[in-house]
Amino acid sequence: MVIKTAKLFPERFLVKHGLKQVYKYRHMSTDYYCNFMGKAVFKQGIYKRKWFDNPVYAPFETVQLKVPGRLHDFLTERFGDYMKPPSSDRIKYEQHAESWDFNHQKIITNEYNDEDKLI
């Protein structure tokens, strides 16, 4: 019902409202971060801030990606035994998209200068 109701609002409104909620807490001092915008739910979406201190770069295919300094702790909390290959059902569940068309990206601009990192 929430999803159906949300579809009645203009997309621009939803993005602006969501980003306002994200940025509202940006400068608060806390020992935890949360991510409730993804598939992690409740406890799985709460992460210790210290895991993200001192980020490092890790190789991924042909690029270097910035990852949490305590990546093992983060991955263990989020996925359990993350070195064990997941089932084919779990892989399908975690899949974000089968394809991405770079020619049809939506450009959204407003007062948040690093919004593109969130979308």
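## Surface and burial

The accessible surface of this protein comes to about 10900 Å². Carbon and sulfur atoms account for 59% of that area. The model is a predicted one. Of the protein's 119 residues, 13% count as buried.

## Overall fold

Four helices and four strands make up the secondary structure. Along the sequence, the elements run α-α-β-β-β-β-α-α. The four strands thus follow one another in that pattern, with two helices before them and two after.

Contacts also link distant parts of the sequence. Among contacts with a separation of 6 or more, 35% join residues 24 or more positions apart.

## Helix H3 and its buried face

Helix H3 covers residues 71-79. Which of its residues are buried? They are Phe-74, Leu-75 and Arg-78. Viewed down the axis of H3, the buried residues fall within an arc of 90 degrees, so they line one face of the helix. The spacing fits a general rule. An α-helix has 3.6 residues a turn, so residues three or four places apart point the same way.

What covers this face? Strand S2 (46-48) is part of the cover over the buried residues of H3. Just after the helix comes Gly-80, which takes a positive phi of about 80 degrees.

## The salt bridge

How many salt bridges does the structure hold? It holds one. The partners are Arg-70 and Asp-73. Their closest N and O atoms are 2.9 Å apart, and the cut-off for a salt bridge is 4 Å.

Are the two partners buried or exposed? Both fall in between. Arg-70 has a relative accessible area of 36%, so it counts as partly exposed. Asp-73 is also partly exposed, at 26% relative accessibility. Buried would require under 20%, and exposed over 50%. Asp-73 lies within the range of H3, residues 71-79, but it is not listed with the buried residues Phe-74, Leu-75 and Arg-78.

## A nonpolar patch

Leu-8, Phe-9, Phe-13 and Leu-14 make a nonpolar patch on the surface. The patch measures about 420 Å².

One of its members, Phe-13, lies in helix H2, which spans residues 11-24. Leu-14 also falls within that residue range. Why can Phe-13 belong to a surface patch? Phe-13 has a relative accessible area of 43%, so it is partly exposed. Patch members need over 30% relative accessible area, and Phe-13 passes that cut-off with its 43%.

Terms used
Residues numbered from 1 in each chain as written. Predicted model: local features only at pLDDT ≥ 70, side-chain atom pairs only at ≥ 80, totals over all residues. Heavy atoms only, no water. Patch = residues over 30% accessible without salt bridge, like charges linked within 9 Å, V, L, I, M, F, W, Y side chains within 5 Å. Areas by Shrake-Rupley, 256 points an atom, 1.4 Å probe, with all protein chains shown as cover. Salt bridge = Lys/Arg side-chain N within 4 Å of Asp/Glu carboxyl O. Buried < 20%, exposed > 50% of the residue type's maximum accessible area, 1.4 Å probe, protein only. Contact = heavy atoms within 4.5 Å. Arc of directions from axis to C-beta.
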